[in-house]
Amino acid sequence: MKKLALLLVLICLTAAAHADQSFDGSVYDAYCPQYDESLLWGWETISYIEPTGLLLSATSLSAELTVSIEESDVNPDVFLRNRFAGVSRYGQNIEGGSVENCVLSRFERAARVNYSYRSLRNSFDNEVYSVREYAAKIGAGYMLSVSLRFWGASKAGSELLDEFMAGFSLKHMKISTSYTAFLTYCESRSDGIYLTLDYCDMEYEPTFGMPYAVNADETAYTCKLSSEAQLWLPELGNVLYSLKHTGPDDTEISIAIENYYNINQVHAVYLVLFNEDGEIIRMQHYNAL
């Protein structure tokens, strides 16, 4: 997902009031989206491993797709009716909206809805937005929501979402809370890839409006990268900030470490998740945007 580039300024401070925290072994239930990535070729995508909230965001020039888990005790059809009723707060000339129950493999109960609307928020926007959405029950109190919104001459539509959902599943995982750490080194060994992390705390300086890293304990830790790890590395040198998605690739990671340090003279900070085996399962470059 691309945004206007602003350089993240990281200031290393020594402060006894802050204690860098390393992985303590605690893990929690979470989900990771599994889907056919070829269907979204050319889209800007980013996925997450979370217990609730956003799991996948994908955008093209004229469409956006989101996957999330929300807290809800109602049935999927009621969930979508409530969602559609809320469209009237920001949309007009709505067409469709008929909710129907459907069958989704891997899910006990599911429903879907199609509708179109024009935005009320911008009087100069006459674009018609079309929405295709699925909802599926995930145990007690939680709902999977998969929504595709498209406009203009986009070829996205029901067919794309139906094909996406045909191969979609949720992978149940055990993950840690999110840690912040400088990524300083990458090494390939006979049994896998190992990363050197220096844990830190992120603070915010309100006067200048910038984040900075508090590094009270400069102890470095060597952590193994899971063979299933997902990494989101910063792509530098462009006007627009973007993240590059890669798997456990020591060359890609080493290049990212070196490039960032050469430009900023400080190592990049990452958000780090561990799995139940104590291996890094996800890393994403920390940015202030």
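Ser 226 touches a set of residues distant from it in sequence: Pro 248, Asn 275, Glu 279, Ile 280 and Ile 281, once residues up to four places away are set aside. The model is predicted. Ser 226 belongs to strand S16, which covers residues 221-235. Its relative accessibility is 4%, so Ser 226 counts as buried, the cut-off being under 20%. The side chain of Ser 226 also has a polar partner in the backbone. One of its polar atoms lies 3.1 Å from the backbone nitrogen of Glu 228.

Next come the helices. Helix H1 spans residues 76-85, and its buried residues are Pro 76, Asp 77, Phe 79 and Leu 80. Around the axis they cover an arc of only 160°, which means that they are on the same side of H1. Five strands pack against these buried residues. They are S5 (63-71), S7 (100-102), S8 (110-119), S9 (128-137) and S10 (142-151).

Helix H2 runs over residues 158-166. Here the buried residues are Leu 160, Leu 161, Phe 164 and Met 165. Viewed down the axis of H2, they fall within an arc of 125°, so they line one face of the helix. Glu 159 and Ala 166 are on the other side of H2, and both are exposed. The cover over the buried residues of H2 includes strand S4 (53-60), along with S5, S9 and S10. Strands S5, S9 and S10 also pack against the buried residues of H1.

Back in H1, Phe 84 deserves a look. Phe 84 lies in this helix. Neighbours within four places in sequence aside, Phe 84 is in contact with Ile 94, Gly 96, Gly 97 and Tyr 115. Val 99 is 15 residues away from Phe 84 in sequence. In space, their C-alpha atoms are 9.0 Å apart.

Phe 84 also leads into the aromatic residues. It forms one aromatic cluster with Tyr 90, Tyr 115, Tyr 117, Tyr 129 and Trp 151. Across the whole structure, a search finds twelve aromatic pairs. Tyr 90 and Tyr 117 make one of them, with edge-to-face geometry. Their ring centres are 5.5 Å apart, and the angle between the planes is 80°. Tyr 90 sits in the loop between H1 and strand S6 (91-96), while Tyr 117 sits in strand S8, so the pair ties together parts that are 27 residues apart in sequence. The two tyrosines can also be placed by accessibility. Tyr 90 has a relative accessible area of 23% and is partly exposed. Tyr 117, at 5% relative accessibility, counts as buried.

Tyr 129 and Trp 151 form another aromatic pair, and this one is tilted. The distance is 5.8 Å centre to centre, with 55° between the planes. Tyr 129 lies in strand S9 and Trp 151 in strand S10, so this pair ties together parts that are 22 residues apart in sequence. Both Tyr 129 and Trp 151 are buried.

A ring can also have a charge over it. The charged end of Arg 189 sits over the ring of Tyr 194. It is 4.1 Å from the ring centre.

What does a search for disulfides find? Over the whole structure, it finds zero. Cys 32 is buried, with a relative accessible area of 3%. Cys 200 also counts as buried, at 2% relative accessibility.

Two loop residues close the tour with their backbone angles. Arg 106 has phi near 80°, a positive value in a residue other than glycine. This arginine is found in the loop between S7 and S8. Arg 106 is exposed, with a relative accessible area of 55%. Gln 265 has phi near 60°, again a positive value in a residue other than glycine. The loop that holds Gln 265 runs between helix H3 (250-264) and strand S18 (269-274). Gln 265 is exposed, and its relative accessible area is 53%.

Conventions: Residues numbered from 1 in each chain as written. Predicted model: local features only at pLDDT ≥ 70, side-chain atom pairs only at ≥ 80, totals over all residues. Heavy atoms only, no water. Buried < 20%, exposed > 50% of the residue type's maximum accessible area, 1.4 Å probe, protein only. Helix = DSSP H or I, 4+ residues; strand = E, 2+ residues; numbered from the N terminus. Arc of directions from axis to C-beta. Contact = heavy atoms within 4.5 Å. Phe/Tyr/Trp six-rings, centres within 6.5 Å; stacked < 30°, edge-to-face > 60°. Lys NZ or Arg CZ within 6 Å of the ring centre and 35° of its normal. Polar contact = N/O pair within 3.5 Å; in protein donor to acceptor, adjacent residues only side chain to side chain. Disulfide = S-S within 2.5 Å.
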